[in-house]
Amino acid sequence: MPVITFEGKEYHCKEGETVLESLTRHGVLIPSACHSGVCQTCITKAVKGTPPVESQKGLKDTLADQNYFLACICKPEEDLELALADVSKAIEATITEKTLLNESVVRIRLQTEQPLDYIAGQFINVKHPETGVTRSYSLASLPRDGFLELHVKRVPDGHVSGYFHDDAALGDKLSIMGPVGDCFYTDRDLDQPLLLVGVGTGLAPLHGILRDALVRGHRGEIHLFHASLATQGLYYTDELSALAAKNEQVHYIPCVLHGDAPHGGEQGDLQQVLKKSKPDLKGWRVYVCGDPAIVNGLKQACFMSGANMTDIYSDPFVFDVTP
Ligand SMILES: Cc1cc2nc3c(=O)[nH]c(=O)nc-3n(C[C@H](O)[C@H](O)[C@H](O)COP(=O)(O)OP(=O)(O)OC[C@H]3O[C@@H](n4cnc5c(N)ncnc54)[C@H](O)[C@@H]3O)c2cc1C
């Protein structure tokens with residue numbers, strides 16, 4: 001079995017174990033969050049040995065070429081000597097606004113000393129100020145807004161979402177890393193119709209993507225579906241209705257599974273609603289964000305309706321299920 005060398009000590013991997021699992025089993029804690037190869041918090045460098053290519057999924061070519069990899073999805077095939085990556089430098093951010101958007105979603109605005117270089121729709125990794133536990137949150141803002149905006153849903157017994165809802169106060173200093181992710185708008189075809197589908201706080205990246213597309217002069221139709229179990233789970237309805245009223249190519253469709261849909265919205269299962277409303281997605285560009293199971297189902301459904309896989313961008317909000 002491969003041996004991992006880290007900070008001068010050797011650790012033996014078990015069959016089928018990832019580098020992160022092996023280090024954790026030996027009591028060695030390195031930064032990590034989603035444990036699914038998405039958030040890139042556990043980015044690590046192999047200073048000796050070659051990491052498997054699958055463990056470099058989603059990393060920039062320049063990083064992969066330098067033997068960086070994600071420890072949470074790396075099942076080593078040979079001995080590796082590791083060094084923690086210095087590519088994702090943490091910067092300090094201060095909470096400047098905290099507003100409840102509905103009964104379970106809080107909007108947090110952050111100010112950084114140096115502007116963060118990001119594209120709307122990407123996400124950042126945020127450390128709990130006391131415990132250092134790290135979680136990913138999508139950016140709902142545009143760089144020109146001058147603040148970073150997060151929409152955080154309360155998860156029962158959630159460590160970091162609980163902090164944001166119950167304990168976070170204006171002036172709190174947080175350590176943030178990033179930006180990360182490739183779910184963002186590019187102006188490669190200004191006339192392509194765009195379908196944006198968000199579940200719950202999946203609206204956060206789409207809010208940035210929609211506004212970014214308009215700022216960059218997108219001319220094609222933009223249809224935004226924001227889904228929730230019931231109307232109480234929706235938010236930004238007035239703001240998005242106003243945006244649609246001001247830009248005739250923007251269509252905002254709030255969707256609820258239970259109860260009456262708001263004005264101009266739809267009631268029913270999101271996949272069925274989309275199938276009925278957008279049966280032919282040939283030529284469309286699609287963005288799907290939020291709950292991982294729903295996102296994966298919708299990606300599949302959009303592909304079946306004719307969207308090209310390379311035109312489907314997604315941000316599944318994967319979460320760690322390890323006890
Ligand atoms: C790329 C990316 C972007 C994200 N963007 C956002 C965002 O913009 N807004 C947002 O609110 N969240 C977002 N998330 C999810 C976020 O990172 C956290 O997973 C979430 O806030 C829960 O963290 P926690 O520390 O509060 O809960 P934890 O302490 O990690 O979890 C507490 C318990 O709840 C379970 N759990 C955790 N999350 C869920 C869930 N969603 N549904 C059901 N059970 C759950 C855990 O398995 C655990 O048992 C994103 C995730 C990723 C990977």
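The paragraphs below go through the domains of this predicted model, then one domain contact, then the ligand.

The protein chain is assigned three stretches. Domain 1 covers residues 3-84, domain 2 covers residues 91-180, and domain 3 covers residues 194-316. Taken over C-alpha atoms, the centres of domain 1 and domain 2 are 27 Å apart. Where these two domains touch, domain 1 contributes 6 residues and domain 2 contributes 6 residues.

The area buried between domain 1 and domain 2 is about 410 Å², and 57% of it lies on carbon and sulfur atoms. On the side of domain 1, A33, C39 and T41 supply 68% of the area buried against domain 2, more than any other three residues. The residues on the side of domain 1 that touches domain 2 comprise 3 nonpolar, 3 polar and no charged. Across the interface of domain 1 and domain 2 there are 0 salt bridges. Polar contact between domain 1 and domain 2 comes to 1 residue pair, with both residues at pLDDT 80 or more.

The ligand comes next. It is surrounded by 24 residues, of which R135, S136, Y137, H151 and S161 are the closest. The residue numbers of these five can be set beside the domain bounds given above, where domain 2 is 91-180.

Several polar atoms of the protein face oxygen atoms of the ligand. In Y137 the partner is an N or O atom of the side chain, 2.7 Å from an oxygen atom of the ligand. In S138 a polar backbone atom takes this place, with 3.1 Å to a ligand oxygen atom. K153 also offers a polar backbone atom, and here the distance to an oxygen atom of the ligand is 2.8 Å. On its own the ligand has 940 Å² of accessible area, and the protein covers 80% of this.

Technical notes:
Residues are numbered from 1 along each chain as its sequence is written. This is a predicted model: local features need pLDDT of at least 70, side-chain atom pairs count only at pLDDT 80 or more; totals for chains, interfaces and linings use all residues. Side-chain values use heavy atoms; hydrogens and water are left out. Domain bounds come from an automatic or database domain assignment. Contact means heavy atoms within 4.5 Å. Buried area is the accessible area (1.4 Å probe) that two parts lose on being put together, summed over both. A salt bridge is a side-chain nitrogen of Lys or Arg within 4 Å of a carboxyl oxygen of Asp or Glu. A polar contact is a pair of N or O atoms within 3.5 Å; within protein, one must be able to donate a hydrogen and the other to accept it, and residues adjacent in sequence count only if both atoms are side-chain atoms. Ala, Val, Leu, Ile, Met, Phe, Trp, Tyr, Cys and Pro count as nonpolar, Asp, Glu, Lys and Arg as charged, and the others, Gly among them, as polar. A residue is near a molecule or strand if one of its heavy atoms lies within 4 Å of it. Accessible areas come from the Shrake-Rupley method with a 1.4 Å probe; for residues, only the protein chains shown count as cover.
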